Amino acid sequence: MNTYIKKHIKYALVIALLAIVTTGCIRDNFEFDKLSMHLENEGEWEFPKLVNTTFTIGDLLERVDSTGLISTEDDGLIILVYSDTVYSAVGEEIIEFPDQQYDTIFNNQDFDNEGGFTDNSVTMIKNEVDYVFATFGNQLLDSVLLNSANVKISVNSDFEYEGVLTITFPEIKKNGQPYQKMINIDDNSGNYNEIITDEIESGYKIDFSNAEQINTIFITYELTLQGNDGQTVNADDICDIVVEFTDIKYDYIWGYVGQQIINIPAEEMAIDFFSGFDNGEFELPYPRVKLKINNSFGLPVGVFMETIQFRVGDDNTWVDLTGEGIPTASTPWMINTPEESFPDPITYATTNVKITGRNTTLNTIISQLPDRLRYSEKVVLNPNGNEDDLNFMANDSKVEALIDFELPLWGRTSGINYTDTLEMDLSNIANDSEQIDHMDLTLTIGNGLPHQIGMKVYLLDSLYNVVDTIPNANDDVIMGDDIWWFVESGIIGADSVINQETGKTISNHTIRYESNSVDILDNVKYIKLKAKYITTDGTGTNAPYVKYFDFYEMDFDVALKVKLNINENL
């Protein structure tokens, strides 16, 4: 062989090697220090690490799942957690007070009852007139600490005298002083009309506890007119007074706030873990739906599921989760109540509840590989409707639920398929093919996972068309119409753990390309891996459950050996 050809064979191999190194995106592509230029026998060159990568359990999960949080227990057991805030209901949005309107009049009868003008004036009093403080629902109020309220007082007087109107609210107090308004009537024409507006500031408290009737508010009206002794008023003269409270905001409420039902709209959560698999079954005996419910309402709270469904199957069927473990309207979860701490903020009382497969259909549904979870709830304040319960709450009291759908990876699989595509550019690998006798492409798997792997590898061109398949029809195992290369699980030790240094099961598979077919490899741009996972005896009736730890991994290597048609050293 002449020097020119020998040089170009060597350069072609190096260029091909550089092309793979510089264009590949596989983690841990082969390293230069692992390149063996050893001439095993005359004319054979070996590239032992065209691809050298390790997939940890975490890597595999991240490839199939973009929404779940990968968590671990102390021993390394992996738990997939899908989280969401189911709802957050705030006090001032749930308990509101309608606008209030109260009116009264003074007339000639009130004037006469006070004996008319004496010493050039007369004072008429309507003392602690009682009114119902309107509420939404069946609230029985003890007291309300106001944040603010708008006040409007409309006065229309036919009396042809000037005077002063004083309106006092004896049960609305701040620092022991009642809320009061004084209005000067400075028109004696008999056509006095005036509207006075004000805002009750924060710190005023309405006390309902002194009334014999529920939710009663008192107002004292005092009207003094200025006139000469002996003067009178017309028989049809009146002074009409209308008091309105609008936009009532509170800081705190004591009493019974009534039975309130909060409807929580349905929400959905994607479960990418199962949607990353093509088919098969994944049996997990310990899945759970956990809710953490925080409550700063000082009253009984019940929570039950209005809807809880999983979407399964190719036809996207929604399947109800059923069983005695699902809370209902008649058997709600009862939520813990906080201790009163006024005037300090109310501290949350937390309740943790969960739904498992113990007394529900959760395990059965999970085995069908659901890809979405749908849920809605109802929250009931004072579910027992006991009006003797003394409630307390702040305007920012809150009941909120955080949902976690947890999947501890402790189970067994049967026929779960997983597919991934990686770059592996072999362009120009077969340059000067007339000098090549054959090429051996060897795939090696080191299985440190707790399940048997059935592997199928596809070599793809730039358009993702299949160039070749490993294994092919001439190879060993056939399952149905598919051909798989099976690698047994790692060796599970006495401690139920696979030692990743000594317990991996190593298997390799080689496909030979003769000189007339090596050009096939020139078209390879990608390598597609399709894995079928089956736990040991995973198809059996009593197949064991295995744990998936975060340190479990699978090695995947690709090596190339080239036999050249040469009879001398390069």
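**Close-up 1. Glu 406 and Lys 290 pair up in a salt bridge.** In this predicted model, the closest N and O atoms of Glu 406 and Lys 290 sit 3.6 Å apart. The two residues come from distant parts of the chain, with Glu 406 in strand β22 and Lys 290 in strand β15, 116 residues apart. Lys 290 is partly exposed, at a relative accessible area of 32%, while Glu 406 is buried, at 9%.

**Close-up 2. Glu 406 also forms a salt bridge with Arg 288.** Here the closest N and O atoms are 2.6 Å apart. Arg 288 belongs to strand β15 (residues 288-295) and Glu 406 to strand β22 (residues 398-408), so this pair ties together parts that lie 118 residues apart in sequence. How accessible is Arg 288? Its relative accessibility is 19%, so Arg 288 counts as buried, the cut-off being under 20%. Glu 406 is buried too, with a relative accessible area of 9%. As a bit of background, side chains of opposite charge can pair when their charged atoms come close. Searching the whole structure turns up 15 salt bridges.

**Close-up 3. Strands β15 and β22 run antiparallel, joined by eight bridges.** One spot to look at is Asn 294, whose bridge partner in β22 is Glu 400. Zoom out a little and both strands turn out to belong to an open sheet of five strands, in the order β2-β3-β22-β15-β19, with antiparallel pairing. Which strands stand at the edges? They are β2 (69-72) and β19 (349-356); each has a single partner strand, so one side of each is left without a neighbour in the sheet. From one strand to the next, the twist averages 30 degrees. For anyone following the side chains, those of a regular strand alternate between the two faces of the sheet.

**Close-up 4. Asp 371 reaches Arg 311 through a salt bridge.** The closest N and O atoms of this pair are 3.0 Å apart. Asp 371 is in the loop between α6 (362-366) and β20 (372-381), and Arg 311 is in strand β16 (residues 301-312), so the salt bridge ties together parts 60 residues apart in sequence. Elsewhere, salt bridges that share partners link Glu 268, Arg 372 and Arg 374 into one network.

**Close-up 5. Strand β16 pairs with β20 in the antiparallel sense, with ten bridges joining them.** Within this pairing, Ile 308 stands opposite Tyr 375 in β20. Why is β16 described as largely enclosed by the rest of the structure? Nine of its twelve residues are buried, so the rest of the structure largely encloses the strand.

**Close-up 6. Strand β16 has further antiparallel pairings, with β17 and with β18.** The pairing with β18 (residues 333-335) covers three bridges, and Gly 302 has Met 334 as its bridge partner there. Four bridges join β16 to strand β17 (residues 317-320); in that pairing, Phe 310 is matched with Val 319. Strands β16 and β17 make a hairpin with four residues between the strands. In that hairpin, Gly 313 takes a positive phi near 80 degrees.

**Close-up 7. Asp 555, in strand β33 (residues 553-564), makes a polar contact with Thr 54.** The contact runs from side chain to side chain, at 2.8 Å. Asp 555 is buried, with a relative accessible area of 18%. What else does Asp 555 touch, once its neighbours within four places in sequence are left aside? Its contacts are Thr 53, Thr 54, Thr 444, Ile 445, Gly 446 and Lys 504.

**Close-up 8. Ala 559 is another residue of strand β33.** Ala 559 is buried, with a relative accessible area of 16%. How far apart are Ala 559 and Asn 52, in sequence and in space? The two are 507 residues apart in sequence, yet their C-alpha atoms are 8.7 Å apart in space. Not counting residues up to four places away in sequence, Ala 559 touches Phe 47, Pro 48 and Leu 50, along with Asp 440, Leu 441 and Thr 442.

Methods
Residues numbered from 1 in each chain as written. Predicted model: local features only at pLDDT ≥ 70, side-chain atom pairs only at ≥ 80, totals over all residues. Heavy atoms only, no water. Salt bridge = Lys/Arg side-chain N within 4 Å of Asp/Glu carboxyl O. Buried < 20%, exposed > 50% of the residue type's maximum accessible area, 1.4 Å probe, protein only. Polar contact = N/O pair within 3.5 Å; in protein donor to acceptor, adjacent residues only side chain to side chain. Contact = heavy atoms within 4.5 Å. Pairing = 2+ DSSP bridges. Axes fitted to C-alpha atoms, helices over the stretch in contact; angles between N-to-C directions.
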